[in-house]
Amino acid sequence: MKQRFFWSILGLFFAVRPAVAIDENTPAPDGAPVLALWPDGAPGAAGTETADVPTLTYFPAPQHKATGAAVVVCPGGGYGGLAITYEGYEVAQWLNTAGVSAFVLKYRHAPKYHHPAPLQDAQRAIRTVRARSAEWGINPAKIGILGFSAGGHLTATTGVAKADGDAAATDPIERVSARPDFLILGYPVITMVGDYGHAGSRTNLLGENPDPKLVEEVSPELHVTKDTPPAFLVSTTQDTGVPATNSVVFYQKLLDNGVPAELHVFLEGQHGLGLGTGPRSGHAFSEWPDLCLKWLRAIGMI
């Protein structure tokens, strides 16, 4: 009971004071093209303002390096905002250096939107990249999704969600699968039911006092199967915002179901480190991008 109280209070603290820098209105560097996911309006949209229009910002891999792989990048922000610079644009530029095309997802979130809007946006992003893969020089079987913190929860949820396309849809994008081919999770929020969960993300995603069945529905560790995509996870022992237990539990579920997975839990580093470079560098956590690329090579994605 004491442990549950501690994590609840800590989660509420981070709900009020985000551990990441919310900067979702920062323009993309170098004039990267921005694509509306639903040109005619997203499902359940409450208006036409910026917050109502989920987008993808496209960072194509340099032609001389392109591997054919692509990643949808989901910045964190507790489902109440987006740290779109260092958990979005900077990550996309890093992926480009490895020959991977990247698409930074600006998904809908609280206070205006709750579940299932973020998941709808993430699945639409995967479908869009897959449906237009020939146009962009992407292998439709090498499309992954990457996310940090609450964006990591969105990544994991996308990985375990029903993803079949609708063959009868009039929109050709809706006909293709939304299943990602691999998952990359940085200090992810995972559970919505465990004592170690992040209360702020849960409230922003589900509202106050959600139905217990809905809480279980969006706890991805409860829905891992043998068909869940391979996953790479990274966290730190010192992360008090989103404890590494989230990553460990998801990793164990992947192993239990025979899903290829790799987990790195570094000692040092508080929540919200992104790539671990620049002002967030100075400890071993900054090694995770290179380790991730080695893993991608090991599973044949690059």
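**Contacts and backbone features of the predicted model**

Not counting residues up to four places away in sequence, L206 touches H115, L214, V215 and V218. The model discussed here is a predicted one. L206 itself belongs to helix 6, which covers residues 199–206. With a relative accessible area of 12%, L206 counts as buried, because the limit for that class is under 20%. A reader tracing the chain may also like to look from L206 to Y89: these residues are 117 residues apart along the chain, and their C-alpha atoms are separated by 27 Å.

One of the contacts of L206, H115, leads to a notable peptide bond. The bond from H115 to P116 is cis, and its omega is near 15°. P116 sits in the loop between strand 4 and helix 3. A cis peptide bond also joins A110 and P111, here with an omega of about 10°. P111 is likewise placed in the loop between strand 4, residues 101–106, and helix 3, residues 117–131.

Two residues invite a look at their phi angles. Which value does phi take at D30? It is near 60°, positive in a residue other than glycine. D30 is found in the loop that runs between helix 1 (2–16) and strand 1 (34–36). Its relative accessible area is 78%, so D30 is classed as exposed, the cut-off being over 50%.

Y79 is not a glycine either, and it has a positive phi of about 60°. Its place is in the loop between strand 3 (70–74) and helix 2 (85–97). Is Y79 buried or exposed? Y79 is buried, because its relative accessible area is 2% and the limit for a buried residue is under 20%.

The final stop is S149, in the loop between strand 5 (143–148) and helix 5 (150–160). S149 has a relative accessibility of 5% and therefore counts as buried. Which residues is S149 in contact with, leaving aside its neighbours within four places in sequence? The partners are G76, G186, Y187, P188, V189, V242 and H271.

Taken by location, the loop between strand 4 and helix 3 holds P111 and P116, while D30, Y79 and S149 lie in loops elsewhere along the chain. L206, by contrast, is a helix residue.

Conventions: Residues numbered from 1 in each chain as written. Predicted model: local features only at pLDDT ≥ 70, side-chain atom pairs only at ≥ 80, totals over all residues. Heavy atoms only, no water. Helix = DSSP H or I, 4+ residues; strand = E, 2+ residues; numbered from the N terminus. Buried < 20%, exposed > 50% of the residue type's maximum accessible area, 1.4 Å probe, protein only. Contact = heavy atoms within 4.5 Å.
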